[in-house]
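I opened my notebook to walk through this model one region at a time. Here is what I looked up, in the order I went.

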Amino acid sequence: MADENIVETIEKLLADSPERKFPEGVELAINLKNLDMSQPKNRVDEEILLPHGLGKDLKIAVFAKGEVGLQAKSAGAEMVFSEEDLAEMGEDKARARSVANEYDFFIAEVQYMAQIGKALGAILGPRGKMPTPLPPGKNVADLINSARSSIRIRSKDKLTFHVSVGRRDMDVRKLAENVETVLSRVEGALEKGKHNIRSIYVTTTMGKSAKVV
């Protein structure tokens, strides 16, 4: 059940933000306090399964071969890259950057992870798109389905960071439940929980913002 205060905050935000000619994203701006972010232990790095997804189709690419590659295709992966593709991207940085920008999420069989780190780490890493490893025996379809509803929040060394929670054309209560899920995980990741949160605002891509916390 969505928190009514969050529902009302989102409703007011959307009412005050003019509709655009494209489906705007809805984000949280999270501001922390009383933390030394130069210390890795204080940084937030969480993968979160949103109860209602992001309201858009993510483009997912998989590094795999053989049966796993076929399963990935059947499960809806937009692209399956082979070992040869990976080697080519390691040599052709322009293609590698194009692939990194085109796809939202990557999955890779574990045997490719070291090669991906060497060939593509400098390109995928800063974008927060290093592949999720697929362990032997794990169903790639499960990972693909999970990825379509998952987000990664990373504060890095900043006290302020942003995270997507959906689109403005989603049901307001579903957006509110996504927001609650993120708030709970952020609090749980911080040493002093809510006492390390200065403020949290919800905002649309080109609209105004409204304070949640």
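**Entry 1: charged pairs**

I began with Lys59 and Glu102, whose side chains meet in a salt bridge (3.0 Å, N to O). My rule for a salt bridge is a side-chain nitrogen of Lys or Arg within 4 Å of a carboxyl oxygen of Asp or Glu. This pair links distant parts of the chain, 43 residues apart: Lys59 sits in the loop between S2 and strand S3 (60-63), and Glu102 in helix H4 (residues 93-102). I take helices (H or I, at least four residues) and strands (E, at least two) as DSSP runs, numbered from the N terminus.

A note on the source before going on: this is a predicted model, so I kept local features to pLDDT of at least 70 and side-chain atom pairs to pLDDT 80 or more, while totals for chains, interfaces and linings use all residues. Residues are numbered from 1 along each chain as its sequence is written, and side-chain values use heavy atoms, with hydrogens and water left out.

Are the two partners buried or exposed? I call a residue buried under 20% relative accessible area, exposed over 50% and partly exposed in between (1.4 Å probe, protein chains only). Lys59 counts as partly exposed, at 30% relative accessibility, and Glu102 counts as partly exposed too, at 37%.

I then looked at Asp85 and Arg95, which form a salt bridge with their closest N and O atoms 3.9 Å apart. Here the link runs from helix H3 (residues 83-91), home of Asp85, to Arg95 in helix H4, 10 residues apart. Asp85 is buried, with a relative accessible area of 19%, whereas Arg95 is partly exposed at 27%. Glu88 joins in as well: Asp85, Glu88 and Arg95 are linked in a network of salt bridges. By this rule I get a count of 11 salt bridges.

**Entry 2: helix H4**

Which residues of H4 are buried? I found Ala96, Val99 and Ala100. Seen down the axis of H4, these buried residues fall within an arc of 100°, so they line one face of the helix. I take the arc from the directions from the helix axis to the C-beta atoms. Their cover includes strand S4 (79-81), H3, strand S5 (105-109) and helix H5 (113-124), with contact meaning heavy atoms within 4.5 Å.

**Entry 3: strand S2 and its salt bridge**

I followed the side chains along strand S2 (residues 45-49), and they alternate. Glu46 and Ile48 point to one face and are buried, while Asp45, Glu47 and Leu49 point to the other and are not. That fits the usual picture: in a regular strand the side chains alternate between the two faces of the sheet.

S2 pairs with strand S7 (residues 150-154) in the antiparallel sense over five bridges; I count two strands as paired if DSSP finds at least two bridges between them. Opposite Glu46 in S7 stands Ile153.

What does the side chain of Glu46 meet in a salt bridge? I found Arg185, at 2.6 Å, N to O. Arg185 lies in helix H7 and Glu46 in strand S2, so the pair ties together parts that are 139 residues apart in sequence. Arg185 counts as partly exposed, at 31% relative accessibility.

**Entry 4: the cores**

For a nonpolar core I use a set of buried Ala, Val, Leu, Ile, Met, Phe, Trp, Tyr and Cys residues joined through side-chain atoms within 4.5 Å. The largest one has 49 residues, and Leu28, Ile30, Leu32, Val62 and Val182 have the most contacts inside it. Helix H7 (residues 172-189) gives the most to this core, with seven residues. Not counting residues up to four places away in sequence, Val182 touches Leu28, Ile30, Ile48, Leu50, Ile151, Val163 and Val165. Apart from this core lies another, of 17 residues, among them Leu86, Met89, Tyr112 and Ile116.

**Entry 5: strand S9**

Six of the eight residues of strand S9 (residues 197-204) are buried, so S9 is largely enclosed by the rest of the structure. Strand S1 (residues 25-32) runs antiparallel to S9, joined by seven bridges, and Asn31 has Ser199 as its bridge partner there. Ser199 counts as buried, at 8% relative accessibility. I also looked up its contacts: Ser199 touches Ala29, Ile30, Asn31, Lys211 and Val213, not counting residues up to four places away in sequence.

How does S9 continue? A hairpin joins S9 to S10 through four residues. S9 and strand S10 (residues 209-211) pair in the antiparallel sense over three bridges, and Val202 stands opposite Ala210 in S10.
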